[in-house]
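Thanks for passing this one along. Below are my notes, set out as numbered points so that you can follow them with the structure open.

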Amino acid sequence: MKGNKKTLLAIAALAAAAVLMLGLWYFTRPQPQVGTKTVVVEVVHADASSKEFTYHTDAEYLGQLLLDEKLAAGEQGAQGLFILTADGETAQDSLRQWWCITKGGEWLDTGADCTPIADGDHFELTMSTY
């Protein structure tokens with residue numbers, strides 16, 4: 001009986017910690033900027049050439065912008081938009097290629113659909129190999 005009580009207390013403590021962590025994430029997550037903003041998206045191709053695209057948009061998330069402007073295409077999955085093609089170049093599974101999304105050269109913790117955009121942001125879509 002004592003062991004069951006300790007197990008229940010441990011489970012309750014873990015559940016409480018999970019709820020607190022979720023609440024912390026919810027209230028501190030990046031918020032999208034409402035209204036028109038200017039955003040630059042640089043596409044770095046497999047041959048290392050790059051091209052910059054400047055957009056004036058009301059989109060709140062990067063995935064929405066990329067699809068609206070037809071700069072990228074892909075598949076919707078459990079994690080949101082999985083980019084397969086950017087600026088006309090398609091990642092090849094046989095070459096183990098994929099499109100890496102960075103902001104100002106820094107890795108993002110979010111996918112395109114969950115990445116809020118703000119005025120002056122500079123994103124990079126880089127063809128990468130794993």
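**Notes on the predicted model**

1. Let me start with one lysine: Lys103 is partly exposed, with a relative accessible area of 34%. Please keep in mind throughout that this is a predicted model. Lys103 has a salt-bridge partner in Asp121, and the closest N and O atoms of the two are 3.5 Å apart. The link joins distant parts of the chain, since Lys103 sits in strand β6 and Asp121 in the loop between β7 and β8, 18 residues apart. Unlike the partly exposed Lys103, Asp121 counts as buried, at 10% relative accessibility. The count of salt bridges in the model comes to one.

2. How much of the strand that carries Lys103 is covered? Strand β6 spans residues 97–103, and five of its seven residues are buried, so it is mostly covered. Its pairing with β8 (residues 122–129) is antiparallel and rests on seven bridges. If you want a landmark for that pairing, look at Cys100, which stands opposite Thr126 in β8.

3. β6 also pairs with β7, a strand made of residues 106–107, again in the antiparallel sense, through two bridges. Here Thr102 stands opposite Trp107 in β7. The two strands form a hairpin with two residues between them. One point to check by eye is Gly104 in the turn, which has a positive phi of about 60°.

4. Stepping back to the sheet: five strands make up an open sheet in the order β2-β1-β8-β6-β7, and the pairing is mixed. Why do β2 and β7 each have one side without a neighbour in the sheet? β2 (50–57) and β7 stand at the edges, each with a single partner strand, so one side of each is left free of a neighbour. As a reminder, strands of a sheet pair through backbone hydrogen bonds, either parallel or antiparallel.

5. At the β2 edge, the partner is β1 (residues 37–44), which runs antiparallel to β2 and is joined to it by eight bridges. Val44 has Ser50 in β2 as its bridge partner. Tyr55 lies in β2 as well. Leaving aside residues up to four places away in sequence, Tyr55 touches seven residues that you can pick out in the view: Lys37, Thr38, Val39, Val41, Leu65, Glu69 and Leu71. For a sense of distance, the C-alpha atoms of Tyr55 and Asp93 are separated by 30 Å, with their positions 38 residues apart along the chain.

6. The model holds two aromatic pairs. In one, the rings of Phe53 and Tyr55 have centres 6.4 Å apart and planes at 5°, so this pair is stacked. Both partners are buried: Phe53 has a relative accessible area of 15%, and Tyr55 has one of 10%. In the other pair, the rings of Trp98 and Trp107 have centres 6.2 Å apart and planes at 35°, so the pair is tilted. Trp98 is partly exposed, with a relative accessible area of 25%, whereas Trp107 is exposed at 62%. Trp107 is also the residue that stands opposite Thr102 in the pairing of β6 and β7.

7. Finally, the chain as a whole. Its secondary structure comes to two helices and eight strands, which follow the pattern α-β-β-α-β-β-β-β-β-β along the sequence. The radius of gyration is 20 Å, well over the 14 Å that the globule rule gives for 130 residues, so the chain is more spread out than a compact globule. Along its principal axes, the C-alpha trace spans about 65 × 40 × 25 Å.

8. What share of the 130 residues counts as buried? The figure is 32%. The accessible surface of the chain comes to about 8,600 Å², and carbon and sulfur atoms hold 59% of it. Among contacts with a separation of 6 or more, 53% are between residues 24 or more positions apart.

Notes: Residues are numbered from 1 along each chain as its sequence is written. This is a predicted model: local features need pLDDT of at least 70, side-chain atom pairs count only at pLDDT 80 or more; totals for chains, interfaces and linings use all residues. Side-chain values use heavy atoms; hydrogens and water are left out. Buried means under 20% relative accessible area, exposed over 50%, partly exposed in between (1.4 Å probe, protein chains only). Helices (H or I, at least four residues) and strands (E, at least two) are DSSP runs, numbered from the N terminus. Two strands pair if DSSP finds at least two bridges between them. Rings of Phe, Tyr and Trp (its six-membered ring) pair if their centres lie within 6.5 Å; planes under 30 degrees apart count as stacked, over 60 as edge-to-face and the rest as tilted. The radius of gyration is taken over C-alpha atoms; the globule rule is 2.2 Å times the number of residues to the power 0.38. Contact means heavy atoms within 4.5 Å. Accessible areas come from the Shrake-Rupley method with a 1.4 Å probe; for residues, only the protein chains shown count as cover. A salt bridge is a side-chain nitrogen of Lys or Arg within 4 Å of a carboxyl oxygen of Asp or Glu.
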